[in-house]
Amino acid sequence: MNVLEIKNLTKKFGDFIAVDNMSLAVQEGEIFGFLGSNGAGKSTTINMIAGLLQTNGGEIKILDKNIASHSKLAKMNIGIVPQDLAIYEDMTAYENVRFFAGLYGLRGAELKERVEEALVFVGLLDKQKSLPKDFSGGMKRRLNIACAIAHRPKLIIMDEPTVGIDPQSRNYILTSVRKLNEMGCTVIYTSHYMEEVEEICSRIAIMDHGKVIAEGTKEQLKAIITDTRDIWVEVKNTENLEEAALKEIKGVNSISIEENVIKINSQSEVNNLNHIIQFFISRLIEIRSLQEQAPNLETVFLTLTGRNLRD
Amino acid sequence: MKEVLWLVANSLRSIFTNKRRIFSYVLVPLLGIFIAFMAYGDTGPAKLHAGIVDLDKSTLSKNTTSFIAGLDNIKVSNVSQTTVKNKISSGTLDCAIILEPGFSKAIMNGEKPEIEIVSIKGAQVTAFIKAYLNNYIGNLHSLSTAANGDTAVFNTLYQNYKNAEFKVSAHSLKDTSKNNDMTIQTIGFLLMIMLNSAGGLSELILKEKENRTYFRLMSAPIDGKKYVLSNIIVNMVIMTIQVVVTLTAMTQVFGISAGIPFWEMTGVMMFFALVSVGLSLVITAFATSSTSASALQNLIMTPTCLLAGCFWPVEIMPKTAQKIADFLPQRWLLDTLTELQKGHTLGSLSLNLATLFAFALVFFMIAIYKFGRNNNVRSFI
Ligand SMILES: Nc1ncnc2c1ncn2[C@@H]1O[C@H](COP(=O)(O)OP(=O)(O)O)[C@@H](O)[C@H]1O
Ligand SMILES: [Mg+2]
């Protein structure tokens with residue numbers, strides 16, 4: 001069954017098209033990744049799914065029901081973890097979760113049980129009486145998640161839940177996503193961190209300029225780019241590097257430089273490794289290491305858009 | 001409705017578990033009473049200045065004079081018959097008590113003595129003195145009946161009566177005119193507090209938008225209408241508490257009698273509560289941020305309160321200012337209360353109430369219209 005189905009969805013802000021005739025489907029039990037750089041239209045799409053923004057065309061179905069005519073059903077079955085924290089700073093962690101869970105009609109003993117369950121899940125039960133203003137960024141993010149899951153939604157949508165937090169909280173959150181999924185939740189996970197999406201998502205849609213430009217499992221996406229390969233050359237210094245000349249070498253598609261590592265994307269069928277090595281030697285640039293990278297989503301994105309994810 | 005009640009209960013809980021909020025929503029309104037006291041000088045009930053014209057010049061008439069002087073809250077001076085009228089009309093005296101010749105004799109004979117009480121302040125002032133005098137003279141009559149016309153016996157009885165631990169029960173004097181003014185003053189301040197707290201509570205809508213919780217709420221089974229309704233309910237609850245607490249403290253703790261039955265006054269204030277919510281929703285609907293809403297509130301509320309005579313009698317302002325005040329809901333509210341104090345019934349003031357209601361209605365309609373056009377969720381990035 002499709003938990004979420006989007007058809008020809010469009011959103012305009014004035015003349016600007018933020019979401020452009022987008023279609024996709026998320027099946028029950030998936031961890032579905034939304035990968036795209038900032039401004040790709042991920043949050044806008046989520047806000048329309050959550051019923052916060054009017055659409056300018058197209059339709060959205062949750063559990064096979066159109067959200068325009070079944071908004072209550074849709075809202076009851078969705079748990080949103082917004083990109084911007086939505087918690088009350090003057091209410092304790094417990095009160096925050098309790099408040100949001102209560103909006104979904106939970107009361108009494110059941111409410112109490114679900115609130116505690118959610119706090120245990122995000123590892124904040126021992127902090128339940130503390131105010132979020134004393135929390136670290138990671139703890140706030142976790143509380144934000146607890147507020148979205150206490151009513152046990154079928155579909156949990158997380159919008160960049162790991163932005164700006166410490167690695168430990170980040171791992172905690174990624175583990176939680178998997179656990180939620182094992183418990184039967186369908187999860188839509190939005191990020192511009194390729195590693196995260198690659199790590200936990202069973203299927204991924206790559207978004208750019210309001211469009212889904214590729215969709216599939218990791219393997220399917222990587223298969224798109226078997227015709228290119230990545231060669232990383234670590235050098236002592238990049239001062240004398242003439243990028244343009246490097247690009248001239250036959251078969252080289254694109255180059256990016258990160259500190260002392262030159263990342264070269266090149267066509268697979270052209271054997272140009274000799275030329276590349278020759279390029280560095282002739283310019284007296286000392287090569288420290290040289291390796292060929294297995295394709296990853298970053299390269300997929302780069303190939304599809306000509307840009308880095310984080311640009 | 002279940003969701004609305006949940007929102008209401010939650011807001012009220014967060015208000016009443018926060019000392020600072022209790023202070024600003026419940027205790028600050030009481031400040032108005034202190035301000036009223038300050039404005040009217042002495043904190044105790046007013047002293048009444050009575051002049052006594054003793055034309056009988058007997059022991060009994062002198063005793064009567066000292067009886068009156070012994071009453072709480074009354075200052076007595078002997079004045080001559082010729083000056084008394086002047087002193088009353090100039091306001092040096094609040095009233096004059098004239099003991100006609102034959103006062104003593106009439107009492108001894110068990111007859112009603114001639115006492116004239118003159119005042120331009122009306123029955124509110126004289127009724128109190130009359131009541132005490134009647135009581136006093138009644139006692140003297142009992143003595144004279146017991147003495148059966150025997151002057152010596154009467155004098156002995158009278159001495160005993162005087163020496164008995166006789167204490168006039170200390171009913172404080174209610175000079176209603178001053179009390180009425182203090183009531184209006186207190187309520188004037190209360191009006192401003194109500195406007196401000198309604199403004200503050202509606203501003204929470206903008207604050208919630210700014211800190212994003214609003215959008216989180218909207219992704220739950222809550223919509224904008226339910227949310228605003230819950231805000232209105234919280235607002236009305238808070239203002240009801242403010243009104244009841246302030247009026248109770250004013251009448252019960254501070255002993256300012258309003259001259260209007262408590263529930264009538266509360267009821268009229270509820271009309272103004274609606275006006276306050278309506279106005280603050282209009283401001284919220286037009287403001288682009290909570291800061292600009294605050295600024296707009298200050299720009300609108302304080303000056304209109306000043307103009308409408310919330311802090312001083314409207315009569316002392318220039319005629320043009322008074323004309324402008326006629327277009328302000330605060331003026332209509334204060335006017336309604338003043339009329340009630342003068343003894344008009346609520347029924348006869350239905351025009352005033354209808355006007356207040358119309359203010360509220362117009363504000364609500366503007367707010368609803370503007371909210372309806374605001375549906376474009378702002379900056380969602
Ligand atoms: N309320 C809005 N008004 C105008 N433009 C907007 C609004 N919200 C988002 N946008 C624009 O739409 C584009 C997509 O934004 P968003 O969905 O937040 O991207 P993402 O979440 O993928 O980073 C961005 O270019 C952003 O500037
Ligand atoms: Mg976003």
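In this predicted model, A:E5 sits in strand β1 of chain A, which runs over residues 2–13. Despite its charged side chain, A:E5 is buried, with a relative accessible area of 18%; the cut-off for that label is under 20%. Setting aside neighbours within four places in sequence, A:E5 is in contact with A:L24, A:A25, A:E59, A:I60, A:K61 and A:D64.

Helix α1 of chain A, residues 42–49, is mostly covered, with eight of its eight residues buried. The set takes in A:K42, A:S43, A:T44, A:T45, A:I46, A:N47, A:M48 and A:I49. Just after α1(A) comes A:G51, with a positive phi of about 80 degrees.

Further along chain A, helix α10 (residues 273–282) holds A:F279. The residue A:F279 is buried, at a relative accessible area of 5%. What does A:F279 touch, once residues up to four places away in sequence are not counted? The list is A:L241, A:E242, A:A245, A:L246 and A:I249. A:K218, by contrast, lies 61 residues from A:F279 along the chain, and the C-alpha atoms of the two are separated by 34 Å.

Next, the packing of nonpolar side chains. In soluble globular proteins, nonpolar side chains tend to be buried together. Here the largest nonpolar core counts 147 residues, and the members that touch the most others are A:L4, A:L103, B:M269, B:L333 and B:L337. Helix α11 of chain B (residues 262–286) makes the largest contribution to this core, with 12 residues. A second core, separate from that one, has 27 residues, among them B:L60, B:I107, B:Y132 and B:L140.

A:L103 also turns up at the boundary with chain B. Leaving out neighbours within four places in sequence, A:L103 is in contact with B:E3, B:W6, B:L7, B:L217, B:A220, B:P221 and B:I222. Overall, the two chains bury about 2400 Å² between them, and 59% of that is on carbon and sulfur atoms. On chain A's side of the ledger, A:L52, A:K75 and A:L103 supply 25% of the area buried against chain B, more than any other three residues. The contact draws 27 residues from chain A and 22 residues from chain B.

Polar links cross this boundary too. Between chain A and chain B the count is two salt bridges. The side chains of B:R21 and A:D90 meet in a salt bridge, with N to O at 3.3 Å. Across the interface, 11 residue pairs are in polar contact, both partners being at pLDDT 80 or more. Helices α2 (71–77), α3 (93–103) and α5 (137–149) of chain A each supply at least two residues of the side that touches chain B. Which of chain A's elements gives the most to that side? It is α3(A), with five residues. By type, the residues on this side of chain A divide into 18 nonpolar, three polar and six charged.

Finally, a word on backbone angles. Most residues other than glycine have a negative phi. A:R152 has a positive value, near 50 degrees, and is found in the loop between α5 and β7 (155–159) of chain A. This arginine, A:R152, is partly exposed, at a relative accessible area of 47%. In chain B, B:R212 is not a glycine either, yet has a positive phi of about 75 degrees. The loop that holds B:R212 lies between α8 (176–210) and α9 (213–218) of chain B. With 16% relative accessibility, B:R212 counts as buried.

Technical notes:
Residues are numbered from 1 along each chain as its sequence is written. Chains are lettered from A and ligands numbered from 1 in the order in which they are written. This is a predicted model: local features need pLDDT of at least 70, side-chain atom pairs count only at pLDDT 80 or more; totals for chains, interfaces and linings use all residues. Side-chain values use heavy atoms; hydrogens and water are left out. A nonpolar core is a set of buried Ala, Val, Leu, Ile, Met, Phe, Trp, Tyr and Cys residues joined through side-chain atoms within 4.5 Å. Buried means under 20% relative accessible area, exposed over 50%, partly exposed in between (1.4 Å probe, protein chains only). Helices (H or I, at least four residues) and strands (E, at least two) are DSSP runs, numbered from the N terminus. Contact means heavy atoms within 4.5 Å. Buried area is the accessible area (1.4 Å probe) that two parts lose on being put together, summed over both. A salt bridge is a side-chain nitrogen of Lys or Arg within 4 Å of a carboxyl oxygen of Asp or Glu. A polar contact is a pair of N or O atoms within 3.5 Å; within protein, one must be able to donate a hydrogen and the other to accept it, and residues adjacent in sequence count only if both atoms are side-chain atoms.
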